[in-house]
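Thanks, everyone. Let me put the structure up, and then we'll walk through it.

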Amino acid sequence: MPGQAGHDEAEGETMMSVRIALPPAIDPAAFAALDPYAAVAALGGEAMGTTWRVLAVHPPAEAAALVAWRLEKLVAEMSHWASASLLSRFNRAPAGSWHALPADFAHVVAAGMRIARASGGAFDPAIGALVDLHGYGPPGPQPVPDEAAVAAALTVSGHARLSYDPAARRMLQPGGVALDLSGIAKGHAVDAVAALLRHHGVAHGLVEIGGELAGWGVQPSGEPWWVDLETPAGVAAAPLRVALHGLAVATSGDYVRGAHTIDPRTGRPADHGLVAVSVVHADAMSADAWASALLVLGPEEGARLAARERLAARFLSRDGEHLTPALAAMLDDQPSVTA
C-alpha cells in the first residue's frame, strides 16, 4: 500500500519528479520504542462492496477477525444495499416516526449534516431517492430520468427535510426521505478500523478501504506511511506522494465510470470538467465527504470553498492541477525523488 495508492505509471513514460506532502506536525511518541526489525503484517478482506487492507506493526493475532467484525457492524447500520440495515429501515419508515441512532450512525449523520450546511448542499446525506432514480442504487440501472422525475425526487430529498436531535441521538423520518451515506460512511469505516487497531495496541498502521486511507505512527524504518495520489491518464500533473502520519486522504472522481456524481442541488450528475478531487484531512470521514462536495462544486467554486474551510485539496481536470493553499503548504521544499 505505501507508495501504491494510485496506478503505476505506464512503462516507458517520462520520469517525473515526485512531490512530497508532509504532515504539519510530527508526533514524537511515534518514535518511542521503535523497532527497526519489526515485521509489518498485511491483512485484507472484502466489505462494504469493496476491499479493505491493513498494514500494521505487531497487530494482535485476532486483528483480521476484529476488523471484519467492525465492518460487518457498520454495514448492518449504514448500508443502503442491505434491505435489513438500519438505514434501509429508516428509509422505509412511516412519516412522523422517530428513530434512535447507535453511536456510529449518529456520528456519521451529524458530520454529514454539518458538511452539507457548510458546502451549501453540495454534499448531502439525504439523496437516496436521486441515487436510485439515476440507477446508482439497489434498484439497479435506470433510464435517464426526465425533468418531472428529477423534480419529484428532489421534493423528498435533502438534509433540510431531516430533523436530528443530537442530545437524544434520534432522527425524524418526515416521510419519503431516503438516506444514502455512501459518500461518507466508507471514510468513517477507515477511521473506525484505525481506532479499533489502536485500541488493541497497534501503534503504527495504515488502513485502506476502497481507496480511502488513514495512517498513524510510522513504518519500522522510521519513515511515514507513503501514499501516492492517483493521477488519471491524460491529466498533466506531477506525481504527489503524501506522508500519512496522523492523516487521512480520500478521493472522489468520475474518471472511471464517467460523470456519475449527483449534484444534490440540481438532482443531475455534476459535470464541471473535474476529473478527481483528493482531500487530505485529520480524519477519513471528513476527507471522504469533502472530496465529494468539492467534486460537485467544480474547479472554481470548489477551490474557493476549500480555501475558506482551509482544506488541503488537490483538484484535477483535463487542463491540469490546482492545489489549495493548505495542501501547497504541506509540500516539502527539499529535492524530490523521481518516479
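Is Ala153 buried or exposed? Ala153 counts as buried, because its relative accessibility is 7% and the cut-off for buried is under 20%. One caution before going on: this is a predicted model.

Stay with Ala153. Its place is in helix H5. Leave out residues up to four places away in sequence, and Ala153 touches Ala129, Leu130 and Leu133. There is also Gly176. Ala153 and Gly176 sit 23 residues apart in sequence, and their C-alpha atoms are 9.4 Å apart in space.

Next, His134. Where is His134 found? Look in the loop between helix H4, residues 128–133, and helix H5, residues 147–155. His134 is in a loop, yet His134 is buried, with a relative accessible area of 11%. What does His134 touch? Again setting aside residues up to four places away in sequence, the list is Gln142, Pro145, Ile262, Gly267, Arg268 and Pro269.

Now the core. In soluble globular proteins, nonpolar side chains tend to be buried together. Here the largest nonpolar core has 65 residues. Which of them touch the most other members? Leu71, Phe105, Met171, Leu197, Val207 and Leu294. The largest share of this core comes from helix H7, residues 284–297, with eleven residues. Apart from this core lies another, of 19 residues. Val249, Ala312, Leu323 and Leu327 are among its members.

Take Met171 from the largest core. Beyond four places in sequence, Met171 touches Phe90, Ser97, Trp98, His99, Leu101, Phe105 and Val109. Met171 also touches Leu162, Ser163, Tyr164 and Leu179. Phe105, one of those contacts, is itself among the core members that touch the most others.

Last item: helix packing. Two packed helices are described by the angle between their axes and the distance between the axes. Our pair is H6, residues 185–199, and H7. Their axes come within 7 Å and cross at roughly 165°. That angle is over 145 degrees, so H6 is roughly antiparallel to H7. The crossing of H6 past H7 is right-handed.

Which residues meet there? From H6, Ala185, Lys186, Gly187, His188, Val190 and Asp191. From H7, Ala284, Met285 and Asp288. By type, the residues of this contact are four nonpolar, two polar and three charged.

To recap: Ala153 is buried in H5. His134 is buried in a loop. H7 gives the largest core its largest share, and H6 runs roughly antiparallel to H7. Over to you.

Key. Residues are numbered from 1 along each chain as its sequence is written. This is a predicted model: local features need pLDDT of at least 70, side-chain atom pairs count only at pLDDT 80 or more; totals for chains, interfaces and linings use all residues. Side-chain values use heavy atoms; hydrogens and water are left out. A nonpolar core is a set of buried Ala, Val, Leu, Ile, Met, Phe, Trp, Tyr and Cys residues joined through side-chain atoms within 4.5 Å. Buried means under 20% relative accessible area, exposed over 50%, partly exposed in between (1.4 Å probe, protein chains only). Helices (H or I, at least four residues) and strands (E, at least two) are DSSP runs, numbered from the N terminus. Contact means heavy atoms within 4.5 Å. Axes are lines fitted to C-alpha atoms, for helices over the stretch in contact, and angles run from 0 to 180 degrees between N-to-C directions. Angles under 35 degrees count as roughly parallel, over 145 as roughly antiparallel, 65 to 115 as roughly perpendicular and the rest as oblique. A crossing is left-handed if the near helix is turned anticlockwise from the far one by less than a right angle, and right-handed if clockwise. Ala, Val, Leu, Ile, Met, Phe, Trp, Tyr, Cys and Pro count as nonpolar, Asp, Glu, Lys and Arg as charged, and the others, Gly among them, as polar.
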